Amino acid sequence: MPLERDDPKLTAYALGELDPSERAGVRDAIAGDRGLREQVEEIQAAARMLTQALAAEPRTEPGIELSEMLPLKASSARKPVAGLRKRLVIGGAVAAAACVFLAFALIPAPDLANHQARSREGVAALRGGEHVDGWEGYMKQQAERSAAEAEFGIDSNAMHSPAETGRANLGSLRESFRNTHPETRSYEAFEFAPVEQRIKQRRPIDGTVFEAENSGEAYASIRDNEFLSVKKAPLSTFSIDVDTAAYANIRRFLNEGTRPPKDAVRIEEMINYFPYEDPQPRGDDPFSINVEIAQCPWKLDHRLVRIGLKGKDIAWENVPPSNLVFLIDVSGSMDQPNKLPLVRSALRMLVEKLRDKDRVAIVVYAGSEGLALAPTPCSNKRAIIAAIESLTPGGSTNGSGGIQLAYDMARSAYIDGGNNRVILATDGDFNVGITDPQELTRLIEAKAKSGVFLSVLGFGMGNLKDATLEQLADKGNGNYSYIDTLSEARKVLVEQMAGTLATIAKDVKIQAEFNPARVKAYRLIGYENRLLRARDFNDDSKDAGEIGAGHTVTALYEVIPAGSSEEVGGVDPLKYQSNAKPQAAEAEEQAGVASRETLTVKLRFKPPAEATSKLIERGVVDAGKTYSEAAPNLQFAAAVAAFGMILRDSPHKGSASLEGVIELARAASQHDPGGHRKEFVELVEKARALGSH
Amino acid sequence: MDDDSAWIQAAVLKFEGPLLRYARRFATDDARARDIVQDTFLQLCRQKRVRVEPRLAEWLFTVCRRRSIDVHKKEARMNALANGELVESAAPPASARIDRDENIASLLAALAGLPENQQEVLRLKFQDDFSYAEIARITGKSVNHVGVLIHNGIKTLRSALTGSESTNRIPL
């Protein structure tokens, strides 16, 4: 096998990192190649220099306390291990208990030495690390662990240790320990004040100053889609998206009295937050396609095209059984009313709705680690709710567990033909056990392919890694929602649960072809980070969004009609291609004119368990409606889009104003299940109150 | 018992410096780095010597790393490390000396310009002398990933080193 010059193997060889057989292989490969040999020598030279340079690097001076303290601790160190050898699961409880006992060792106490010996087993098991098959295996080990904990005397330390879950309440143990051992407070020196205590500046929405104080949040930057000339770019292709997090997140900012950062405003997610009145699909189709064209309210000589997909409603009883694993962030930062307590309430609501044929498991990470609840059928809701209630934030992170454990649990309780899903609930901290982001992505993708999807619920504020959370949900074939209030929790986890859990079509892509005889230029509103190349439309290996039961997806195009004198693109007239039309082009144009259609909407989707896509096509004729003639669906979507464009200060917002948005939205709010449209109007009013516009 | 105590002392003497150096890159200041290293040695006290001794260095660094990440996961630096983004290096230790050797200075400067994840791995290799496998275990990355990071890091550093001399060399 030829060895490339830029092969990491060459570097590994140069540094002596290959095992004998590989080494021999590379040696042979470079034997005949002087260039490669020189490479090796250069790499080795660079390595020598680097070693030299790093050795000379200045160091931090060691603190005196360290050397003085340690002899004391060492003297209370362990005696050889007796008896007890239990193989313990990776579990935060045991490991953390071990640490606690170790801390007790600061005060030499003869009867603790025994505990120390055993607790070492826990730490060793932690480092060893094992995955377990089947929940019977886990149940067995949980039982063993409970027995072990009883021996450790965890109960005697006033810890709550529910027998069913076998997991200790580490938060309160830690707290009581800290109180009795003030010298350990330095460990907590690093924890800084929650974000809310930092001063957040309130800035008016006046177009000059944006962005809430950046306190650790991370948004991917978005550039608004521009108008594209139909002659040059007749095809517009994108992946659908039913995430709704952006709207909830924006609402959070506005309720706090701050303008949301521009990049947090994903217009498609705002529009899709609301249910629309599209008709149910007919026959076997998983969704209906509804297209409407009317006047554009912020640019009266433009047209607005609304494409609405409506997923088939499935009665909740008929939704296939669900196997859910909640993967919950219990780091110290979750210890705020709008985080872990809200997670608990939200999950309780969800569990109430589940049926006997569903099952739930709970895995925690980042505070303590491990299994809080083995996969449990929902005929036993009491046990599930008990486990939810016992979730507590805090504790120290050690080892891995987290996401791999969650997937193992899902796999162990897998339901063929059902919904198998890990639901991650976090405030942005995802030390889920895999630190390498590429590895994490690969894992999530692989699991999604194997049938275990991933959805993400974001909570709280200030630490939200919005861009990453969205991406994870994408890779996991799931949704990303942001939950800031109980009513949002109800919406996401109760109202729309069937949709969240029952995917009816995956990898859904839209391609619109515009007719140059009718359209001069078009602009897709939103979906900036969902765009696909034209050829990706027919490429089944390209991942795209999913539609759940009862979901609606809306996409809006703003269209400049043919014959408009408006300039598009600001590009100079071509030098080598003339405007004069040769024969072929004339014929084409005739064909274009012959069709009265403004555009054709094409849709590709895959049934959830299949790998080959199906195609649906729909040609659309513009009936010339004015804005007031348009259906409320289009009117309301337009109002939301306008609001988004104002928040982003988009160059395309035309004459849109907050007052205008309020008026338009109000007029389109008769059909308002859940009261979300009314809430939208209130939100826009808040925005208006925050600054003049 | 004395034996063990002496062993711990020896470990402290040998590894305190390197661990401080390692932890300092994660921490925002010296005091925190010291706390982290202190935690690490405390953990060491609780281990069975026989278990840890064969891989003492690796164990210490792994625990140190975990503790560092633990402690700083709420801070923005965690983001940079996790994402391998280009980020400004941690504030250099107070006593920065300017090295006389031009090459070494520019090498260190080039190193500081590398993405954080490459820097960490290169230091573990060339400063703390760990093998690929050990580095993989310490950082929780796969061995291949470590190999790629080191390869790319060295590649960049080499071009920084040779600069204009590279005309008759093999292009990278």
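Reader: Which residues of helix H2(B) are buried?
Author: Bear in mind that this is a predicted model: local features need pLDDT (the predictor's confidence in each residue, from 0 to 100) of at least 70, side-chain atom pairs count only at pLDDT 80 or more, and totals for chains, interfaces and linings use all residues. Residues are numbered from 1 along each chain as its sequence is written, chains are lettered from A and ligands numbered from 1 in the order written, and side-chain values use heavy atoms, leaving out hydrogens and water. Buried means under 20% relative accessible area (1.4 Å probe, protein chains only). On H2(B), a DSSP run of H or I with at least four residues, the buried ones are Ala33(B), Asp35(B), Ile36(B), Val37(B), Gln38(B), Asp39(B), Thr40(B), Phe41(B), Leu42(B), Gln43(B), Leu44(B) and Cys45(B).

Reader: How many Å does H2(B) reach from its first C-alpha to its last?
Author: H2(B) covers residues 30-45, 16 residues in all, and 22 Å is expected at 1.5 Å a residue (times one less than the number of residues). The helix comes close to that, reaching 23 Å.

Reader: Which residue caps the N-terminal end of H2(B)?
Author: Look for a side-chain oxygen lying 3.2 Å from the backbone nitrogen of Ala31(B). That oxygen, and so the cap, falls inside the polar-contact limit (N or O atoms within 3.5 Å, one able to donate a hydrogen and the other to accept it). The capping residue is Asp29(B).

Reader: What share of the residues of chain B counts as buried?
Author: Chain B has nine helices and zero strands. Among its 172 residues, the buried share is 56%.

Reader: Now chain A: which strands are the edges of the six-stranded sheet?
Author: The sheet is open, with mixed pairing (at least two DSSP bridges make a pair) and the order E7-E6-E5-E8-E9-E10. Each edge strand pairs on one side only, and these are E7(A) and E10(A).

Reader: Which residue in E9(A) stands opposite Leu424(A)?
Author: Strands E8 (419-426) and E9 (452-459) of chain A run parallel, joined by seven bridges. The partner of Leu424(A) in E9(A) is Val456(A).

Reader: Which helix packs on the sheet, touching E6 and E7 of chain A?
Author: Its direction makes about 160° with that of E7(A). Touching here means contact, heavy atoms within 4.5 Å. The helix spans residues 381-389 of chain A and is H12.

Reader: Where between residues 71 and 139 of chain A does pLDDT stay under 50, and how many contacts beyond four places in sequence does the model have there?
Author: Chain A averages a pLDDT of 74, and 69% of its residues score at least 70. The whole run 71-139 stays under 50, and its number of such contacts is 126.

Technical notes
Helices (H or I, at least four residues) and strands (E, at least two) are DSSP runs, numbered from the N terminus. Buried means under 20% relative accessible area, exposed over 50%, partly exposed in between (1.4 Å probe, protein chains only). Axes are lines fitted to C-alpha atoms, for helices over the stretch in contact, and angles run from 0 to 180 degrees between N-to-C directions.
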